[in-house]
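Here are some short exercises to work through with a structure viewer open. Try each task before reading its solution.

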Amino acid sequence: MRVYNFSAGPSVLPESVLEKAKNEMLDYGGSGMSVMEMSHRSKVYESIINGAEELLREVMGIPSNYKVLFLQGGASSQFSMIPLNLMKNNKIDLVLTGMWAKKAMEEASRYGQVNVVGSSKDKTFSYIPELDKSKFDPEADYFYICENNTIYGTKFPELPDTGNVPLVADLSSCILSEPIDVSKYGLIFAGAQKNMGPAGLTVVIIREDLIGTCKEFTPQMFKYTTHSENGSMYNTPPTYAIYIHKLVLEWIKDLGGLEKMGEINRKKAAIIYDYLDSSKMFHATVQGDCRSLMNIPFVTGNEELDAKFVKEATAAGFVNLKGHRSVGGMRASIYNAMPIEGCEKLVEFMKEFERNNA
Ligand SMILES: *Cc1c(COP(=O)(O)O)cnc(C)c1O
């Protein structure tokens, strides 16, 4: 029996995608082998990786002057790869909105100066800070944000206006959740294991003019040129993860694309936030317009009661609701593949728990 899986990542995948992968497991498209067993340089695999890129471009509306790279090393490798490739004046602007932004800040600090133009550290990263444009450095190599903060459940309600300074954004936990204007960014990256597919694949979408130079000591595998000049085939790409990513993109396209995905996601999030805002027991930890559509942290205010809730929820088939170890409480991650019924049933369960424990 499948459970309702609220994991922050790796996370739930669409059931139809898993079914399709199951049906194609032993013999992909008459090739007589699994995708896992194929040469990445075979004709049949070429159609998979090229198909995945074409679909991603179509679904996200990626302009032709952007490259799509299928890499490994997780989103975390990008924390180093970005400064190694994009730093020239050796200074950047960054908004500190949580642990992932902090990790990016620490890596960038190895190679240059990080100017923190806003921070929400004072309130455990429970909001997105207002930004004062006069603090932005027009000479910065790039302006860095983590757009959706997976751990704290915040999302930038609007993108900062960085002028000519390229905006670099970690979209690991919100990519493909709603339409975005790719042309507003210089570089977008995401670990696949939240909304794109399984772990092992990292997607980078980078404006072409940002590729070309890098620090002279940059390892070959950490240069964007290495991967862009070789069609993400300098070495063996994460072949099976890219195949599942393609199936996920087909699922999104069939469902009506990102407009429809965004509509469904807003509905799902509203079901949970509306209840949290009316409950006497459970409270959302994020208020106002910086609430994430994907990750919803909440608390009762009583640690014992939180633990009891997580335990009973797990037994009832609502799993992975425990909050991140740095925040406590609960967190419901409701990525694209979480069905509306999962959110409705979770709220029913929470109401019942509230009645029984009032
Ligand atoms: C999960 C996550 C990461 C880390 O991804 P890895 O692939 O494990 O390196 C980075 N940033 C954000 C916003 C995330 O949600």
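A residue counts as buried when its relative accessible area is under 20%. Keep in mind that this model is predicted.

**Exercise 1. Cysteines**

Task: Find how many disulfides there are, and account for Cys146 and Cys290.

Solution:
- Start with the rule: a disulfide needs two cysteine sulfur atoms within 2.5 Å.
- Take Cys146. Its nearest cysteine sulfur belongs to Cys174 and is 7.8 Å away, and Cys146 is in no disulfide.
- Check its surroundings: Cys146 has 1% relative accessibility, so it counts as buried.
- Move on to Cys290. Its closest cysteine sulfur is that of Cys146, and because the distance is 13 Å, this is too far for a bond.
- Cys290 has 7% relative accessibility and therefore counts as buried.
- The count comes to zero disulfides.

**Exercise 2. The nonpolar interior**

Task: Determine how many residues the largest nonpolar core has, and which helix gives the most to it.

Solution:
- The largest nonpolar core has 57 residues.
- Look for those with the most contacts inside this core: they are Leu56, Met60, Ile175, Leu176, Ile205, Tyr243 and Ile244.
- Next, find the main contributor: helix H6, residues 239-255, gives the most to this core, with 10 residues.
- Set this core apart from another one, of 33 residues, which includes Leu276, Leu305, Val310 and Ala337.
- Now zoom in on Leu176. Setting aside neighbours within four places in sequence, its contacts include Leu56, Val59, Met60, His245, Leu249 and Ile252.

**Exercise 3. Backbone outliers**

Task: Locate the cis peptide bond, then say where Phe125 and Ser232 lie and what their phi values are.

Solution:
- Recall the background: most residues other than glycine have a negative phi, and most peptide bonds are trans.
- The cis bond joins Gly9 and Pro10, with omega about -10°. Pro10 sits in the loop between strand S1 (4-5) and H1.
- Phe125 has a positive phi, near 55°. It belongs to the loop between strand S4 (113-119) and strand S5 (143-146), and its relative accessible area of 9% makes it buried.
- Ser232 is not a glycine either, yet its phi is positive, about 60°. It is in the loop between helix H5 (224-228) and H6, and at 5% relative accessibility it counts as buried.

**Exercise 4. A surface patch**

Task: Identify which residues form a nonpolar patch on the surface, and place Met36.

Solution:
- The patch is formed by Met25, Leu26 and Met36, which together have about 320 Å² of accessible area.
- Met36 is located in the loop between helix H1 (15-23) and helix H2 (43-60).

Terms used. Residues are numbered from 1 along each chain as its sequence is written. This is a predicted model: local features need pLDDT of at least 70, side-chain atom pairs count only at pLDDT 80 or more; totals for chains, interfaces and linings use all residues. Side-chain values use heavy atoms; hydrogens and water are left out. Patches are made of residues with over 30% relative accessible area and no salt bridge: like charges are joined within 9 Å, nonpolar side chains (Val, Leu, Ile, Met, Phe, Trp, Tyr) within 5 Å. Accessible areas come from the Shrake-Rupley method with a 1.4 Å probe; for residues, only the protein chains shown count as cover. A salt bridge is a side-chain nitrogen of Lys or Arg within 4 Å of a carboxyl oxygen of Asp or Glu. Helices (H or I, at least four residues) and strands (E, at least two) are DSSP runs, numbered from the N terminus. Buried means under 20% relative accessible area, exposed over 50%, partly exposed in between (1.4 Å probe, protein chains only). A nonpolar core is a set of buried Ala, Val, Leu, Ile, Met, Phe, Trp, Tyr and Cys residues joined through side-chain atoms within 4.5 Å. Contact means heavy atoms within 4.5 Å.
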